[in-house]
Amino acid sequence: MRSRLVADWGWPLFVFVALAFVPKLNVSIPKLFDQPISSPGTLALLSACLLFGGLALTYDLQFGFTGLLSFGHALYIAVGVYLSNIAITDWHWSFWPSILFTMGVAFLLAAVLGSISLRVGGIAFAMVTLAFAQAGAVLALKDPHHWTHGEEGLGADYTKLPKAFVGILNTKNLYWLALAFCAVVFFVVRWAVDSSPGRLWQAIRENEQRVEVLGLRPRAYKLQSFVLSSTLAAAGGIVYMLLYNGSTLVVTQPNFTLMLLLMVVIGGAGSRWGAVLGGILYTYLNDRLIAIGSSSTVNDLPHALRTPIEQPLFLLGVIFILIVVFLPGGLAGLVVRGRTSGLRRIEAAVRPEVDAA
Amino acid sequence: MSTFVLLTITGLGLGAMYFLIASGLSLIYGLMGVLNFAHGAFITVGSYGTWWTSEHVFGGVHSTLLRFLLSALLGLAFGGIFAALVELVLIRPLYARHIEQVLVTVGLQLAFVALVTGIWGPDAKTFVVPVWLHATTDVGGAHIPNDRWIEIAAAAAVLALLQLFLRKTRYGLIIRAGVENRAMVQALGIDVRKAFTLVFAIGGIAAAIAGVLSGVYFNVVAPDQGTSLLIFAFIVVVIGGLGSIGGSALAAVVVGLTQQYTNYYGSAGVGDMIVVLLLALVLLARPRGFAGAVTGARA
Amino acid sequence: MSAVATRTLLSVRDLHVYLGQSHVLQGVSFDVPEGGVTALLGRNGVGKTTTLRAILGLVDRRGSVTLGDEELTALQTHRIVRRSVGYVPEDRDVFAGLTVAENLRLAERDQEPRYDLVYDIFPELERRARQRAGTLSGGQQQMVAIARALLNDNRVLLVDEPTKGLAPALVSEVARVLERLAELATVLLVEQNLGVVRHLARDAIVLDQGRVVHMGDAHELLAQPELVRRLLSVGAA
């Protein structure tokens with residue numbers, strides 16, 4: 001019992017605290033980073049890695065732990081990214097009320113849309129979430145009230161933001177913010193999954209019918225998971241907005257959700273830390289591959305080899321496919337042996353009907 | 001009045017494109033239970049295949065019409081072959097692993113678009129089409145771009161051919177039965193899986209036609225053309241009913257016209273939102289066949 | 001088994017089937033002798049339908065299934081069927097969107113499907129050839145389901161509750177058809193209607209809770225009401 005406490009909470013805490021020291025380390029890691037890791041450029045990359053690690057984990061809460069495949073997770077991230085910015089920049093609210101407002105809206109939206117969407121399961125659920133996210137994307141694009149500024153995007157009014165988050169000298173503060181977000185998501189998810197509703201989410205993933213037979217209503221529990229996941233994602237959206245100093249339409253696209261899906265699967269769906277790892281790795285590779293792609297060594301390569309490197313999504317997509325086919329447990333599945341691997345466990349939830357004799 | 005005519009014909013043209021994509025998607029999901037996101041890649045194979053062939057194989061042909069037709073023919077062939085390969089190499093090995101099949105098609109779509117962007121760049125490429133297609137025809141005071149006629153004609157032709165195939169051939173019979181009850185078809189001694197590759201190939205060819213026509217419609221080919229059409233095609237499939245070609249045709253017309261009318265008579269974007277919300281509505285009201293696997297998806 | 005020694009046509013050994021968490025078949029073993037009708041009996045839910053489906057490979061199973069000299073266990077369903085195994089499923093499973101003729105055409109397997117025989121036994125089907133199977137009555141659909149199995153020269157027929165839900169007049173008709181079927185092929189018949197069983201079956205196998213609990217002559221079994229009541233929970237039909 002005590003060793004589990006250490007393993008579940010002690011080690012991760014240690015890791016997160018250790019990571020907090022990164023901005024103080026004026027260390028160069030030549031192959032991995034262009035500049036010392038405490039430099040603003042590298043810190044910005046690391047911040048993005050941690051942010052997406054957290055965002056990927058919010059997705060995994062639904063997908064890997066509860067067996068809900070959603071194609072519209074980006075909607076809630078977009079709420080975080082846009083609504084906070086709109087309140088500050090368009091409506092001239094101050095910072096904290098905007099944040100609270102955004103979180104409240106995200107929570108309510110998730111509760112309402114979630115209860116509607118969860119009336120169906122499996123692929124139908126995935127398509128309904130996609131539909132709602134698309135509706136949001138159209139709204140953001142057409143921008144009837146001139147709030148989002150459509151394709152131009154909306155830069156954040158930095159005079160309204162906390163001084164600590166503005167300016168290149170404060171990159172380390174943003175790093176700590178991203179780290180805090182990732183840590184919070186990690187521990188909240190850990191706590192939620194280990195709690196008794198959490199165990200039910202996993203039971204639902206395995207065999208929803210059995211949960212029903214026990215007299216419980218799976219839909220209520222699925223909704224819990226969905227709302228928690230979406231609300232956390234909105235918080236991540238706010239961090240995103242601060243990190244990138246504004247809001248653009250990229251967070252409203254279906255590809256954004258799919259990117260999270262890739263991160264989760266590559267890292268390992270439903271594993272303890274796979275999603276975080278997937279998010280970090282994906283973000284890092286995405287950035288580095290572009291950098292490598294413009295380096296002189298690559299320019300000398302034949303055209304056929306250059307393409308995959310210049311287009312990170314090609315390589316990442318291929319890795320993703322390979323993992324789905326050969327390693328359904330993702331990278332985490334490589335390390336943690338003896339458990340039914342990530343995707344296999346979700347299979348039953350997405351395709352619930354079992355042959356009845 | 002002439003605006004109405006223009007909207008109607010353009011709406012039908014749009015619906016035609018949706019149908020071309022949705023027909024393959026519908027059969028694939030109806031028969032195999034696979035939600036094929038890679039369909040976008042098939043569209044891209046059609047459009048880029050035609051463009052590339054037009055530039056590099058038939059570049060010297062004088063008649064633009066001939067050049068276009070020959071290139072399009074090859075583009076279609078590429079689409080069908082690519083789709084068949086995808087089924088054999090990626091889908092079939094994942095038989096009965098439904099979620100992995102969906103994920104693989106998602107991954108393929110992303111990787112493929114990235115590949116095309118990498119090889120030919122993100123910019124749109126001009127498409128050589130017969131001049132006639134750029135002109136307009138006067139109908140009731142409205143100036144209808146001629147490419148709309150081709151789109152409608154192509155969709156109608158595909159619809160007719162598909163119905164003929166389904167009703168008159170043995171494989172068509174197997175597919176129609178398989179969409180209803182795959183296990184029973186197996187229990188009659190028929191290996192349904194042979195039909196899978198065929199259905200993918202058909203879907204690939206129809207999607208490639210849509211790709212070629214989108215190149216005509218937009219005058220250019222670009223890497224992300226496939227993806228933007230795909231979402232609306234999904235909507236058409238859901239509204240029209242799985243595995244139902246007739247249903248897809250009807251739904252395609254409804255969606256295309258609704259989009260055109262509401263986007264014009266309402267405000268821009270309203271049409272898209274309505275259509276998207278219609279998807280949610282239909283799924284919530286009638287999830288049969290989409291909520292989980294298609295009946296008897298065992299054998 | 002019956003007094004006259006007959007060859008075993010279909011042999012099932014140690015069949016285990018899990019559906020979800022449920023251990024539905026727990027080591028089922030029996031032989032089906034060649035020729036005539038063998039009845040597979042038991043209360044509702046004991047695994048009779050699952051047994052037939054397991055033989056056909058429609059559910060995942062462990063154990064062994066042998067037809068004649070050939071091991072069927074490793075084969076996929078459609079290959080098993082091509083070894084001359086016919087199947088009349090419990091809910092008929094006709095294709096509603098297809099016409100009667102199309103349903104039959106789909107079922108054609110041999111070089112020369114026996115349409116003469118089928119239309120001789122079921123003249124109704126010839127009349128309704130162009131009718132969509134979904135619009136047929138339950139009894140007519142049952143005819144289609146049986147006709148599909150009759151069309152080909154099958155060695156063994158797996159027939160699952162063909163009289164279920166039919167009016168008594170139809171039950172007799174189906175029984176008559178089954179009699180003719182039995183002349184042409186070995187039949188493994190799952191049936192709840194003991195009158196039909198008494199009329200047709202030579203041997204009987206009884207299942208209970210996923211296991212075989214009785215094998216023997218059908219008439220001997222049905223002649224013992226106490227045994228019948230214990231195994232099948234019904235009075236003599």
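In the predicted model, the largest nonpolar core (buried Ala, Val, Leu, Ile, Met, Phe, Trp, Tyr and Cys residues joined through C-beta atoms within 7 Å; buried meaning that 20 or more other C-beta atoms, placed from the backbone, lie within 10 Å of a residue's own) comprises 303 residues, of which Leu20(B), Ile21(B) and Val236(B) touch the most other members. The most residues in this core, 17, are given by helix α1 of chain B, residues 2-32 (helices being DSSP runs of H or I, at least four residues, numbered from the N terminus). Residues are numbered from 1 along each chain as its sequence is written, and chains are lettered from A in the order in which they are written. Local features need pLDDT of at least 70 and side-chain atom pairs count only at pLDDT 80 or more, whereas totals for chains, interfaces and linings use all residues.

Between chains B and A, 38 residues of the former are in contact with 41 residues of the latter, contact requiring C-beta atoms, placed from the backbone, within 7 Å. The largest share of the chain B side, 15 residues, comes from α4(B).

Helix α4 of chain B (residues 98-120) packs against helix α14 of chain A (residues 312-326) at about 160°, with the axes 8 Å apart; axes are lines fitted to C-alpha atoms over the stretch in contact, and angles run from 0 to 180 degrees between N-to-C directions. The two helices are therefore roughly antiparallel, a term applied to angles over 145 degrees. Among the residues making this contact are Gly317(A) and Phe320(A) of α14(A), and Gly107(B) and Leu110(B) of α4(B).

Key. A residue is buried if 20 or more other C-beta atoms lie within 10 Å of its own, exposed if 12 or fewer, and partly exposed in between; C-beta atoms are placed from the backbone. Angles under 35 degrees count as roughly parallel, over 145 as roughly antiparallel, 65 to 115 as roughly perpendicular and the rest as oblique. Two residues are in contact if their C-beta atoms, placed from the backbone, lie within 7 Å.
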